[in-house]
There are 2 protein chains.
Amino acid sequence: MSYTEDAQTRLRRAGLRLTTPRIVIYEYLLSHRTHPTCDQIYNGIRESNPGISLASVYNVTEKLADEKLLIKIVAPDGERHYDSITEFHGHFFCLACKKIFDLNCTPDLKMEELKGAKTTDILLSARGYCPECVRKGHAD
Amino acid sequence: MSYTEDAQTRLRRAGLRLTTPRIVIYEYLLSHRTHPTCDQIYNGIRESNPGISLASVYNVTEKLADEKLLIKIVAPDGERHYDSITEFHGHFFCLACKKIFDLNCTPDLKMEELKGAKTTDILLSARGYCPECVRKGHAD
DNA sequence: ATGTTAGTTTAGAATTATTACAAATTACCC
DNA sequence: GGGTAATTTGTAATAATTCTAAACTAACAT
């Protein structure tokens, strides 16, 4: 019977101090699987927590990513997004509706040329038009 | 007997006007497989072509990428790099020496969840420590 | 409970990368 | 060679992220 831990439990287990910005931002990311940017997180928590600064969103997300509680994903256009699902998966970025979709794929790097390298993380991003946007004729 | 076309031929074939910035920048990218950023290209051509502006490097690389003469690759830290090899391949970014290595892999997106989507391009980036840096003890 | 302290947050300034703009220039077609 | 639309240039503007120093606070020890 598995039980999804809440933000506070996860933070505590990672040995992090429980501060309001960390709890609020992490809870936001755990409950919104939209892969938001720092700015989007900031705007998403603003009404309920006007005291949390944008700088803290940057600080907290970076810290949580360092501690592997989040992953940072970089879109093909360079925007940085955060995701609370830390197991490897790819992402599909729709050029029309701008939504980001998870891809349940496993990467095969074929690193024969780089024998002996030590890989820390992998980013797999595809870009294009999602099925709904294709249907609506938004693909070109 | 295949013969690698020069920058001018490729530009002409793509229907682009032959301008000095385009020729110089494209030649630079064809002969330097270091995956440079716009700023690195600008500094690389500066001595020989002091008249070419940084704005032109941005304009030209974007235009050539639109015309599929180059690909734009986004590093896991968000930096934008350009590569004159346009066939799909992945990249490995060494965290220690900052070099970028090509990976001859093919992606397998497993897009069952996104049946009907139209994919325009794929970015596969791994991060870690290259064999030489591992050997030198730069990995952590 | 209270004090101490190191870690964290805040607001704003600074930095950096990229884009926008308008004037000057230039490649290409005739 | 001349006309014209595309391109380049230099600079200004924008946007995203990082830096900084002062204020605050969670966690621990008392």
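Student: How far is a phosphate oxygen of DNA strand D from an N or O atom in the side chain of R22(B)?

Tutor: Keep in mind as we go that this is a predicted model. Here a phosphate oxygen of DNA strand D lies 2.7 Å from an N or O atom in the side chain of R22(B), and another entry of this kind is T19(B), where an N or O atom of the side chain is 2.4 Å from a phosphate oxygen of the strand. The backbone takes part as well, since a polar backbone atom of S53(B) is 3.2 Å from a phosphate oxygen of DNA strand D.

Student: Which elements give two or more residues to the surface near DNA strand D?

Tutor: They are α2 (20-31) and α4 (54-66) of chain B, and of these α4(B) gives the most, with four residues. In total 15 residues are around DNA strand D, and those that come nearest are Y58(A), T19(B), R22(B), G51(B) and S56(B). When you look at the strand itself, sugar and phosphate account for 78% of its atoms that come within 4 Å of the protein. By class, the residues of this surface divide into six nonpolar, five polar and four charged.

Student: Which residues are the closest to DNA strand C?

Tutor: Among the 15 residues that surround DNA strand C, the closest are T19(A), R22(A), G51(A), S56(A) and Y58(B). Of the atoms of this strand within 4 Å of the protein, 79% belong to sugar or phosphate, and the rest belong to bases. The side chain of T19(A) has an N or O atom 2.6 Å from a phosphate oxygen of DNA strand C, whereas R17(A) places a polar side-chain atom 3.1 Å from a sugar or linking oxygen. A backbone N or O atom of S53(A) is 3.2 Å from a phosphate oxygen of DNA strand C, and α4(A) supplies the largest share of the surface near this strand, four residues.

Student: In what order do the six strands of the open sheet stand?

Tutor: The general idea is that strands of a sheet pair through backbone hydrogen bonds, either parallel or antiparallel. In this model the order is β4(A)-β3(A)-β5(A)-β5(B)-β3(B)-β4(B), and the pairing is mixed. At the edges stand β4 (100-103) of chain A and β4 (100-103) of chain B, each with a single partner strand, so one side of each is left without a neighbour in the sheet. From one strand to the next the twist averages 25°. For one pair in detail, take β3 (residues 90-94) of chain A, which pairs with β4(A) in the antiparallel sense over four bridges, and there H91(A) stands opposite D102(A).

Student: Why is there no bond between the sulfur of C94(A) and the closest cysteine sulfur?

Tutor: To call a pair of cysteine sulfur atoms a disulfide, we ask that they lie within 2.5 Å. The sulfur of C94(A) is 3.6 Å from the closest one, in C97(A), and is therefore too far for a bond. In chain B, the sulfur of C130(B) is 3.7 Å from that of C133(B), its closest, which is also too far. By this rule the count over all chains is zero disulfides.

Student: Is C97(A) buried or partly exposed?

Tutor: C97(A) counts as partly exposed, because its relative accessibility is 28%, whereas C94(A) is buried, with a relative accessible area of 3%. C97(A) is found in the loop between β3 and β4 of chain A. Although C97(A) and H138(A) are 41 residues apart in sequence, they are 8.8 Å apart in space, C-alpha to C-alpha.

How values were computed
Residues are numbered from 1 along each chain as its sequence is written. Chains are lettered from A and ligands numbered from 1 in the order in which they are written. This is a predicted model: local features need pLDDT of at least 70, side-chain atom pairs count only at pLDDT 80 or more; totals for chains, interfaces and linings use all residues. Side-chain values use heavy atoms; hydrogens and water are left out. A residue is near a molecule or strand if one of its heavy atoms lies within 4 Å of it. A polar contact is a pair of N or O atoms within 3.5 Å; within protein, one must be able to donate a hydrogen and the other to accept it, and residues adjacent in sequence count only if both atoms are side-chain atoms. Ala, Val, Leu, Ile, Met, Phe, Trp, Tyr, Cys and Pro count as nonpolar, Asp, Glu, Lys and Arg as charged, and the others, Gly among them, as polar. Two strands pair if DSSP finds at least two bridges between them. Axes are lines fitted to C-alpha atoms, for helices over the stretch in contact, and angles run from 0 to 180 degrees between N-to-C directions. Buried means under 20% relative accessible area, exposed over 50%, partly exposed in between (1.4 Å probe, protein chains only).
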